[in-house]
Amino acid sequence: MNLPLNIDWQQILLHLLNFVILFGILFFFLYKPVKDFMDKREESYKKQRDDAKNALDEAERIKAEYEGKIAGAEEEISAMKAEAGAKTAEERTRMLEQTKTEAAGILEAAKKRGEIEHDKIIAEAQQEIADIVTTATEKIVLSADVSKSYDEFLKSAEGNAKNE
């Protein structure tokens, strides 16, 4: 069966059959495993992309949560500072009042001690004045008596000397 242009149909059919067999073998041994590998790889990349997206979403959620906690902590710190400031002011006021009370007590005690010292000094001064006056009076009395006695002695001595 020779056709013009030397085309042998039997050869064409055999080549076609070989091609189909080769294609079937290649499809069975290469295409399916390669396609399965590519599908698995595509799934793996999709899974990695989804995991990365989930991780990013989770990170953003955690970030928002921490920012909320930080804002809450800052508010709590501000409240604690305000409370500490109020307590400090209250304690300072209390201590000032206590100090004023103690100072008033010390001042009052000092005034009392001053009055006692004043009275003591005045009493001592009066005693000294009395002693001085007594001494001076004794001296005056004694000196008056002595000088009077002396004058009388002299007069009597003169009188006795004239009489003699």
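**View 1. This chain counts 4 aromatic pairs, a pair being two rings of Phe, Tyr or Trp (its six-membered ring) with centres within 6.5 Å (planes under 30 degrees apart are stacked, over 60 edge-to-face, the rest tilted).** In the pair shown here, the ring centres of F23 and F27 are 6.2 Å apart and their planes meet at 25°, so the two rings are stacked. What you see is a predicted model, where local features need pLDDT of at least 70 and side-chain atom pairs count only at pLDDT 80 or more, while totals for chains, interfaces and linings use all residues. Residues are numbered from 1 along each chain as its sequence is written, and side-chain values use heavy atoms, leaving out hydrogens and water. Both F23 and F27 belong to helix 1, 4 residues apart, which is about one turn of the helix. (Helices are DSSP runs of H or I with at least four residues, strands are runs of E with at least two, and both are numbered from the N terminus.) F23 is exposed, with a relative accessibility of 52%, whereas F27 is partly exposed at 33%. Here, exposed stands for over 50% relative accessible area, buried for under 20%, and partly exposed for what lies in between, using a 1.4 Å probe and protein chains only.

**View 2. F28 and F29 show an edge-to-face arrangement of rings.** Their ring centres lie 5.1 Å apart, and the planes are at 80°, so this pair is edge-to-face. F28 and F29 are both exposed.

**View 3. Four aromatic residues gather in one cluster.** Follow the rings of F19, F23, F27 and Y31, which together form one aromatic cluster. You have already met two of its members: F23 and F27, the stacked pair of View 1.

**View 4. A nonpolar patch lies on the surface.** Its members are L14, L17, I21, L22, I25, L26, F28, F29, L30, V34, F37 and M38. Patch members have over 30% relative accessible area and no salt bridge; nonpolar side chains (Val, Leu, Ile, Met, Phe, Trp, Tyr) are joined within 5 Å, and like charges within 9 Å. Together the residues of this patch have about 1,200 Å² of accessible area, a value from the Shrake-Rupley method with a 1.4 Å probe, where only the protein chains shown count as cover for residues. F28 and F29, the exposed pair of View 2, are among the patch members. L17, another of them, lies in helix 1 and is partly exposed, at 45% relative accessibility.

**View 5. K46 and E42 join in one of the 7 salt bridges of the model.** A salt bridge needs a side-chain nitrogen of Lys or Arg within 4 Å of a carboxyl oxygen of Asp or Glu. For K46 and E42, the closest N and O atoms are 3.5 Å apart. Both residues sit in helix 1, with 4 residues, or about one turn of the helix, between their positions. K46 is partly exposed, with a relative accessible area of 32%, and E42 is partly exposed too, at 42%.

**View 6. The side chains of E58 and R61 meet in a salt bridge.** From N to O, the gap is 2.3 Å. The two residues are about one helical turn apart, because they are separated by 3 residues in helix 1, the helix that spans residues 9–163. E58 counts as partly exposed at 36% relative accessibility, and R61 as partly exposed at 43%. The bridging does not end with this pair: E58, R61, E65 and K69 are linked in a network of salt bridges.

**View 7. R94 and E91 form another salt bridge.** Their side chains meet at 2.3 Å, N to O. As in View 6, the partners are in helix 1: R94 and E91 are 3 residues apart, so about one helical turn separates them. R94 is partly exposed, with 44% relative accessibility, and E91 is partly exposed, with a relative accessible area of 34%.

**View 8. Stepping back, the whole chain has 1 helix and 0 strands.** How many of its 164 residues count as buried? The share comes to 0%. The accessible surface of the chain is about 15,000 Å², and 63% of that belongs to carbon and sulfur atoms.
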